[in-house]
Amino acid sequence: MLRFNLFRKFVSFHSRNVAFANSRNKSTAVDIEKLDQDTTSIDVVDDELKSREEEIQRKRNKSRLKESDRNFLFEKDPYPEPTRWHHGTLKYMRRLYGRYGEASGVDPAICWPVKEELEEAIEYEQVAYPFTIPHMIAEAKRKRHETEESVKLRQEEIVKKMEKIEQMKQDVYNRIKNKETEAKAAKERKERLIEEVRMHFGYTVDPRDEKFKEMLEKKEKEQKKAMKEAKKKAREENIMTKLLSKKADTVKKDVNKQ
Amino acid sequence: MGSNTTEKALSMLRFLPRVCLSNIRPHPNSRIRDKRGRGQHGGDKHGCGNKGSGQRQNYMRLGYETGNNPFYLRFPHEPYYQRHHLRREYPPVSLLQLLKFIELNRIDHTKPIDLVSVVNTGLYKLLPDQRQYGIQLTDEGADVFNLKINIEVQYATEVVIAAIEKAGGVITTAYYDQHSLQCMLNTKKFFERGVPIPKRMMPPPDAIEYYSDPAKRGYLADPDKISEERLVLAQKYGYSLPEIEKDPSYDMLTERKDPRQIFYGLHPGWVVNLRDKAILKPQDEELLKYYAN
């Protein structure tokens with residue numbers, strides 16, 4: 001508290017002095033400025049003074065800290081004299097420059113990549129980023145278009161197939177129906193034959209009897225023959241109709257030509 | 001009489017040792033008595049039953065389902081998190097948050113805003129090692145946003161872009177690679193490293209389309225197309241496009257970074273020293289060529 005009061009008094013005294021000086025020597029204001037400049041330009045290079053100052057500073061240091069730790073606290077280079085092997089590495093020296101600037105005594109030229117580092121960096125970039133931007137954009141666009149195209153084609157395919165779906169359903173139903181009718185017809189035929197054979201025998205014979213079976217076979221054969229003849233007839237009729245129609249066409253053509 | 005007891009108490013205090021962990025009683029019911037299996041309290045067969053694999057401790061392996069295909073072997077492939085370690089993340093900042101930052105003087109809106117400004121508020125954390133690549137601006141607060149700002153983010157939707165342009169501002173989407181992000185997150189630490197500012201690398205192939213799209217205001221897109229898209233967006237969202245050319249802060253609003261630039265006003269290859277408050281630029285031809293590439 002006392003120290004603070006003294007400090008305030010000192011400051012006020014100093015300011016008053018300056019003001020007084022200014023008010024008194026207004027005409028010679030320039031002289032005072034010159035004097036100030038002169039006093040600042042003169043550098044007192046007194047080795048003794050310096051060494052005394054250093055001694056005083058050393059005695060003031062009652063912290064019992066290591067030199068490096070104390071320097072670190074005061075934001076100075078902790079090891080002005082390099083002591084360990086890593087104090088000579090590029091990374092450490094660059095950090096020294098980054099943290100302490102010119103005061104670190106490091107040549108700032110080492111901050112930039114050395115020849116080997118530059119070569120490595122260039123090689124890395126060429127491998128990691130081999131394409132140019134327009135090339136990459138074109139590639140991306142092309143890929144996108146490809147996927148879109150394939151999706152579109154697939155959709156169109158599906159649409160086409162969907163159009164046929166009703167027809168396919170109908171086909172399936174028809175097939176089932178045909179099968180059913182055929183099976184029914186075959187069953188009916190067999191029943192009729194059995195009836196015929198039964199009629200032939202006169203009494204109810206077990207269809208599994210041998211005699212019955214023989215008769216059944218005979219009758220089946222006869223039936224097959226009849227069916228074949230019927231088919232043949234149908235085919236002949238078809239051919240006849242075709243021939244007739246052809247003749248009619250040719251006659252018509254001749255008539256037209258004429 | 002009272003003084004007698006107090007005297008006694010004080011003499012006790014003087015005599016007894018200091019209170020420490022070894023001479024105080026534990027909290028009631030904090031220590032459970034160990035129940036040894038003896039007699040009716042878990043004795044005789046000790047919970048293992050009679051004969052069988054249970055008592056003989058010959059158990060089947062864990063997960064075995066007595067011969068049928070066990071559950072832990074039924075599914076040979078579960079690709080739920082396929083490529084999850086390669087997907088990029090963009091931690092969000094809403095327009096409302098941004099507005100709050102600016103109104104509470106955490107961000108200066110008279111200068112261009114980018115990732116560095118938002119991170120320097122101390123309220124937004126980005127972790128590049130967790131595949132986080134930057135800011136995503138969300139549309140919460142789009143209806144109340146009314147500030148003219150020049151902002152650069154890493155992802156923004158159409159609504160957000162419209163909100164900012166309606167207020168008379170400019171928004172750009174830009175990509176920063178991991179290395180550049182680390183430089184931006186703690187700029188003081190980066191400059192103390194004493195290395196030159198690196199080049200910003202190009203986006204990966206699956207992001208290049210986004211950043212070259214004028215509709216997303218990508219930094220690699222054609223500026224003419226961007227101005228076209230501004231008009232389109234204005235028509236879509238039904239606001240009149242403010243004329244930035246006539247704005248007094250036109251220079252600030254149109255300030256954009258070069259695709260290789262990380263910080264505003266600083267070029268790749270420069271060494272910034274905070275202690276001396278100096279910027280050092282390289283002179284070597286090869287270095288210049290490398291950084292200008």
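Before you click on anything, a working rule: buried means under 20% relative accessible area, exposed means over 50%, and partly exposed is in between (1.4 Å probe, protein chains only). The model is predicted, so local features need pLDDT of at least 70 and side-chain atom pairs count only at pLDDT 80 or more, while totals for chains, interfaces and linings use all residues. Residues are numbered from 1 along each chain as its sequence is written, chains are lettered from A and ligands numbered from 1 in the order in which they are written, and side-chain values use heavy atoms, with hydrogens and water left out.

**Stop 1: chain A**

Select chain A and switch to cartoon. You should see eight helices and zero strands. Helices and strands here are DSSP runs (H or I of at least four residues for helices, E of at least two for strands), numbered from the N terminus. Of the 258 residues of chain A, 11% count as buried. Now think about contacts, meaning heavy atoms within 4.5 Å. Among those in chain A between residues at least 6 apart in sequence, 19% join residues at least 24 apart.

**Stop 2: a positive patch**

Next, select K228(A), in helix 8 (residues 210-257) of chain A. Is K228(A) buried or exposed? K228(A) counts as exposed because its relative accessible area is 65%. Add K221(A), K224(A), K231(A), K232(A) and R235(A), and together with K228(A) you have a positive surface patch. Patches are made of residues with over 30% relative accessible area and no salt bridge, joining like charges within 9 Å or nonpolar side chains (Val, Leu, Ile, Met, Phe, Trp, Tyr) within 5 Å. Lys and Arg count as positive and Asp and Glu as negative, with His and the chain ends not counted. For the position of each charge, take NZ of Lys, CZ of Arg, CG of Asp or CD of Glu.

**Stop 3: a nonpolar patch**

Pick L65(A), L73(A) and F74(A): they make a nonpolar surface patch of about 320 Å². Areas like this come from the Shrake-Rupley method with a 1.4 Å probe; for residues, only the protein chains shown count as cover. F74(A) sits in the loop between helix 4 (67-73) and helix 5 (90-100).

**Stop 4: a salt bridge in helix 7**

Show R154(A) and E157(A) as sticks. They form a salt bridge, with the closest N and O atoms 4.0 Å apart. That term means a side-chain nitrogen of Lys or Arg within 4 Å of a carboxyl oxygen of Asp or Glu. Both partners lie in helix 7 (residues 133-201), three residues apart, about one turn of the helix.

**Stop 5: over to chain B**

Chain B brings 12 helices and seven strands. Buried residues make up 38% of its 293 residues. Go to Y264(B), in the loop between helix 11 (250-253) and strand 6 (271-273). At 23% relative accessible area, Y264(B) is partly exposed. Which residues does Y264(B) touch, not counting those up to four places away in sequence? They are P112(B), I113(B), D114(B), E152(B), E255(B) and K257(B). The C-alpha atoms of Y264(B) and P112(B) are separated by 8.4 Å, although their positions lie 152 residues apart along the chain.

**Stop 6: a network**

Finish with K188(B) and E192(B), whose side chains meet in a salt bridge (3.3 Å, N to O). Both lie in helix 8 (residues 187-192) of chain B. E192(B) is buried, at 19% relative accessible area. Now add R99(A): R99(A), K188(B) and E192(B) are linked in a network of salt bridges.
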